[in-house]
Amino acid sequence: MKELSMHILDIAQNSIRANANIITIIVKELIKDNIFEFSIKDNGTGIDEEILKDIRNPFTTSRTMRRVGLGIPLLDNTCNICNGRLEIDSSSKQGTYIKASMEYNHIDRPPIGDMVATMATLISSNGDIDIQYKHYYNENSFDITTKELKEVLGDEVPLTNLDVIKWLKEFLKENINELKSDGDKS
């Protein structure tokens, strides 16, 4: 995958397929420490022990339609190339935690990509799932949760409403830009 946001989307979609109703996504751009990392935690069905032990192999997948799963092996390779690592902790019926870390300024680290589109897609497409997103840039951070959004919107306005999606994209874009602008000053 050419962008890390696509890895985040892929893993979050795996969480959704695992029947998670809570997904927490944390992105950390710690430039001063030369660290880029993201983590995704869910409360889904978890990964079976047999699959987990070979999950970095592209021919290990729980899918029945396609016998190849490239998401985790590609991410693992990217982490290794960029002097980082991929951690996966999961057990059946207990959910999954995935953390990818790498050197921020490594020449082979893919760009973060379009986190606005990734998060707007996840949030607006999964109204029944509580999605929590927190983004750090050096010492600064911002976060958003679908639970808070639903409380503000009430039952009358769904997250799939076009005006809500438009507002959400602007909110995410504005906050990420402000986060990076303030983070570069500190």
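The exercises below, each with a worked solution, concern a predicted model of a protein chain.

**Exercise 1. Overall layout**

Determine how many helices and strands the protein chain has, in what order they follow one another, and how its radius of gyration relates to the globule rule.

*Solution.* Begin by counting the elements: the protein chain has six helices and six strands. Reading from the N terminus on, these elements follow one another as α-β-β-α-α-β-β-α-β-β-α-α. The radius of gyration of the protein chain is 17 Å, which is close to the 16 Å given by the globule rule for 186 residues, so the chain is as compact as a globular protein of that length. The C-alpha trace spans about 45 × 40 × 25 Å along its principal axes. To complete the picture, consider burial and contacts: of the 186 residues, 44% count as buried, and among contacts between residues at least 6 apart in sequence, 61% join residues at least 24 apart.

**Exercise 2. Building the sheet**

Work out the order of the strands in the open sheet, and state which strands stand at its edges.

*Solution.* Start with strand S1 (residues 22–30), which pairs with strand S5 (residues 130–137) in the parallel sense over eight bridges. Within this pairing, the bridge partner of Ile23 in S5 is Ile131. Next, turn to strand S2 (residues 35–42), which runs antiparallel to S1 and is joined to S1 by eight bridges; here Ile23 stands opposite Asp42 in S2. Ile23 of S1 therefore links the two steps, with Ile131 as its bridge partner in S5 and Asp42 opposite in S2, as follows from what counts as strand pairing by bridges.

Continue outward from S2, which is joined by eight bridges to strand S4 (residues 95–103), again antiparallel, and in this pairing Asp42 stands opposite Thr96 in S4. S4 also pairs with S3 in the antiparallel sense, over seven bridges, and the bridge partner of Ser90 in S4 is Thr96.

Putting the steps together gives an open sheet of six strands with mixed pairing and the order S3-S4-S2-S1-S5-S6. Strand S3 (85–91) and strand S6 (140–145) stand at the edges, where each has a single partner strand, so one side of each is left without a neighbour in the sheet. When direction is ignored, neighbouring strands of this sheet are turned by 5° against each other on average. Helix H4 (residues 115–125) packs on the sheet, where it touches S1 and S5, and the direction of H4 makes about 165° with that of S5.

**Exercise 3. Two hairpins**

For the hairpin of S1 and S2 and the hairpin of S3 and S4, find how many residues lie between the strands and which residue in the turn has a positive phi.

*Solution.* In the hairpin formed by S1 and S2, four residues lie between the strands, and Asn34 in the turn has a positive phi of about 55°. In the hairpin formed by S3 and S4, three residues lie between the strands, and Lys93 in the turn has a positive phi of about 65°.

**Exercise 4. Serines in the strands**

Decide whether Ser39 and Ser101 are buried or exposed, and list their contacts beyond the neighbours within four places in sequence.

*Solution.* Ser39 is found in strand S2, and because its relative accessible area is 9%, Ser39 is buried. Its contacts are Thr24, Ile25, Ile26, Tyr97, Ile98 and Lys99, once neighbours within four places are left aside. Ser101 has its place in strand S4, and with 13% relative accessibility Ser101 also counts as buried. Leaving out residues up to four places away, Ser101 touches Phe36, Glu37, Cys79, Gly84 and Arg85.

**Exercise 5. Cysteines and core**

Explain why Cys79 and Cys82 do not form a bond, and then describe the largest nonpolar core.

*Solution.* A disulfide requires two cysteine sulfur atoms within 2.5 Å. The sulfur of Cys79 has its closest cysteine sulfur in Cys82, at 7.6 Å, which is too far for a bond. Accordingly, a search of the whole structure finds zero disulfides. Both cysteines count as buried, for Cys79 has 0% relative accessibility and Cys82 likewise has 0%.

The largest nonpolar core has 44 residues, and those with the most contacts inside it are Ile25, Val27, Phe38, Met119, Tyr133 and Leu172. Its largest share, six residues, comes from H4. Met119 touches Ile25, Ile131, Tyr133 and Leu172, when residues up to four places away in sequence are not counted.

Notes. Residues numbered from 1 in each chain as written. Predicted model: local features only at pLDDT ≥ 70, side-chain atom pairs only at ≥ 80, totals over all residues. Heavy atoms only, no water. Buried < 20%, exposed > 50% of the residue type's maximum accessible area, 1.4 Å probe, protein only. Axes fitted to C-alpha atoms, helices over the stretch in contact; angles between N-to-C directions. Contact = heavy atoms within 4.5 Å. Core = buried A, V, L, I, M, F, W, Y, C linked by side-chain atoms within 4.5 Å. Rg over C-alpha atoms; globule rule 2.2 N^0.38 Å.
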